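Me: I would like to learn how to read a helix and its surface in a model such as this one. Could we go through the features in turn?

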Amino acid sequence: MTNNVPDEQEYLETFLQPIRKCKDYRPKFGQGNSNKGFSVQEFKVLYGADSLC
């Protein structure tokens with residue numbers, strides 16, 4: 001009898017794949033096509049004085 005149900009490892013990989021892709025994402029925050037983007041620390045400094053943050 002063949003079971004065509006995906007196993008737990010396949011479900012886990014489906015869940016983890018987009019997380020791995022996003023882990024190195026650095027938002028540009030209006031910096032156009034700049035490849036650098038901002039680190040979390042740079043973002044906090046830039047927007048830290050904003051009362052809405």
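**Reading helix α1**

Reply: A starting point is Ile 19, which has its place in helix α1, residues 8–22; bear in mind throughout that the model is a predicted one.

Me: Is Ile 19 buried, partly exposed or exposed?

Reply: Buried is reserved for residues under 20% relative accessible area and exposed for those over 50%, so Ile 19, with a relative accessibility of 44%, is classed as partly exposed.

Me: Which residues form the nonpolar patch on the surface?

Reply: In general, an α-helix has 3.6 residues a turn, so residues three or four places apart point the same way. Here the surface patch consists of Leu 12, Phe 15 and Ile 19, which together offer about 290 Å² of accessible area.

Me: How many residues of α1 are buried?

Reply: The number is zero out of 15, so α1 lies largely in the open; across the protein chain, with its 53 residues, 4% count as buried.

Me: Where does α1 bend, and what span does the helix reach?

Reply: The bend, of about 30°, is at Leu 16, and Pro 18 is a proline that follows within four residues. From first C-alpha to last, α1 reaches 22 Å, which is close to the 21 Å expected at 1.5 Å a residue.

Me: How many salt bridges does a search of the whole structure find?

Reply: The search returns one, in which Glu 13 pairs with Arg 20, and the closest N and O atoms are 2.6 Å apart. Glu 13 is partly exposed at 31% relative accessibility, and Arg 20 is likewise partly exposed, at 43%.

Me: What does the secondary structure of the protein chain come to?

Reply: The protein chain has two helices and zero strands, and of the roughly stated total of about 5200 Å² that the chain exposes, carbon and sulfur atoms supply 56%.

Notes
Residues numbered from 1 in each chain as written. Predicted model: local features only at pLDDT ≥ 70, side-chain atom pairs only at ≥ 80, totals over all residues. Heavy atoms only, no water. Patch = residues over 30% accessible without salt bridge, like charges linked within 9 Å, V, L, I, M, F, W, Y side chains within 5 Å. Areas by Shrake-Rupley, 256 points an atom, 1.4 Å probe, with all protein chains shown as cover. Salt bridge = Lys/Arg side-chain N within 4 Å of Asp/Glu carboxyl O. Buried < 20%, exposed > 50% of the residue type's maximum accessible area, 1.4 Å probe, protein only. Expected span 1.5 Å × (residues − 1). Bend = angle between axes of the 7 residues up to and from the residue.
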